[in-house]
Amino acid sequence: MSKFLSKNYLGLKPYTPGEQPKDIRYIKLNTNESPFPPSKKTISFGKKALKKLNLYSDPEMRYLRDKAQEVFNIDKDEIMFTNGSDEILNFAFACYGDKGVAYPQISYGFYTVFASLYNLDKTEIPLKEDFSIDYKDYLNLNKLIVIANPNAPTGIIMPLWQIEEIVKNNDSVVVIDEAYIDFGGESAISLVKKYKNLIVTQTFSKSRSLAGARLGFGVADKELIKDLNTMRYSTNPYNVNSTTLAMGFGALEDNNYYLNNCKTIIANRDYLTKKLQELGFLVLPSKANFVFAKTDKIGGEELYLKLKSKGVLVRHFTTDSIKEYNRITIGTKKQLDILLNCIKQILGETL
Ligand SMILES: *Cc1c(COP(=O)(O)O)cnc(C)c1O
């Protein structure tokens, strides 16, 4: 770092995204992207928008919000779109973290980064032994609470009634990060009309095949959305570009295409889980587009490195309690068969 960097940021450790190496063509099962391309309609909407790139994008995002109102059964004052859901998470930490923030010790790595970015007092709550979240740990904390549901990188989901208990028993904002909710979970969006302290965030990056377009959103009571908009207009009112706005609209028009892809992913997840179990892996019960798995036959890091040398990328974390695991994104059946063959080879070599 330079000698000019503000001293507020000297200790800031940025988020490390999953690697995107370009030396060979890898089978990418490491960043939870969709293996399916965006729908034709999504792409054609994006192409049409290109002709108007001389104009600024609509900061009020009216078409997209109108469409979302219909798809998610909410009011258009209850939603705000952002540049990926990371951006709305960022705004929530900025807006509501002054009494401190609590989140699970094993969860999405960005929470710690945002907490240190804003110098928030942070409480990292351990998971239970089976890697699930104990909702009772989150009652009456009265600080900002952030929970990924399903959680990452475990894939384990918390039932909606437990989420409701947390929201009900805190006089503070609760953020439910539903990046993976479309892969078999029940969304907390249905609770937004009932509680004034709930923000549900979702993304078009995983279930809607638009990771590169950067589109996410939050649903919350309109007073919270007002706060979040203040933060948005104080940083970048044009945070979502017009091509992405148009593609987001196209994606919601084509919702069934994406929901069908999710069904395929769920079937492939069941397939991979069963095959890994047959090979002697422990696989955590996942409601996401990835599984988290380990085996006594080979260390987590060794398996990750050997798969990489065979051209298959999975995500390995070095944190002590999860270092024997790898997080494997659910790809196409063909990709998964290649992965499984590589694993068989590797296990054969280490016997
Ligand atoms: C991927 C992910 C996000 C953010 O994704 P964006 O691409 O920024 O929308 C947020 N939370 C979790 C838990 C994720 O896995």
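Two exercises with worked solutions follow, on the ligand site and on backbone geometry in a predicted model.

Residues are numbered from 1 along each chain as its sequence is written. Because the model is predicted, local features need pLDDT of at least 70 and side-chain atom pairs pLDDT 80 or more, whereas totals for chains, interfaces and linings use all residues, and side-chain values use heavy atoms, without hydrogens and water.

**Exercise 1.** Describe the polar contacts of the ligand and how far the protein covers it.

Solution. Start with the shell, in which a residue counts if one of its heavy atoms lies within 4 Å of the ligand; among its members are Asp86, Tyr108, Thr203, Ser205 and Arg214. Next, look for polar contacts, that is, pairs of N or O atoms within 3.5 Å: a polar side-chain atom of Thr203 is 2.6 Å from a ligand oxygen, an N or O atom in the side chain of Ser205 is 2.7 Å from one, and for a polar side-chain atom of Asp86 the distance is 3.0 Å. Finally, of the 380 Å² of accessible area that the ligand has on its own, the protein covers 93%, as computed by the Shrake-Rupley method with a 1.4 Å probe.

**Exercise 2.** Locate the cis peptide bonds that precede Pro150 and Pro153.

Solution. Take the bond from Asn149 to Pro150, which is cis with omega near -5°, and then the bond joining Ala152 and Pro153, also cis, with omega about 0°. Pro150 lies in the loop between strand E5 (144-148) and helix H5 (160-168), and Pro153 is likewise placed in the loop between E5 and H5; strands (at least two residues) and helices (H or I, at least four) are DSSP runs, numbered from the N terminus.

Definitions and conventions. Polar contact = N/O pair within 3.5 Å; in protein donor to acceptor, adjacent residues only side chain to side chain.
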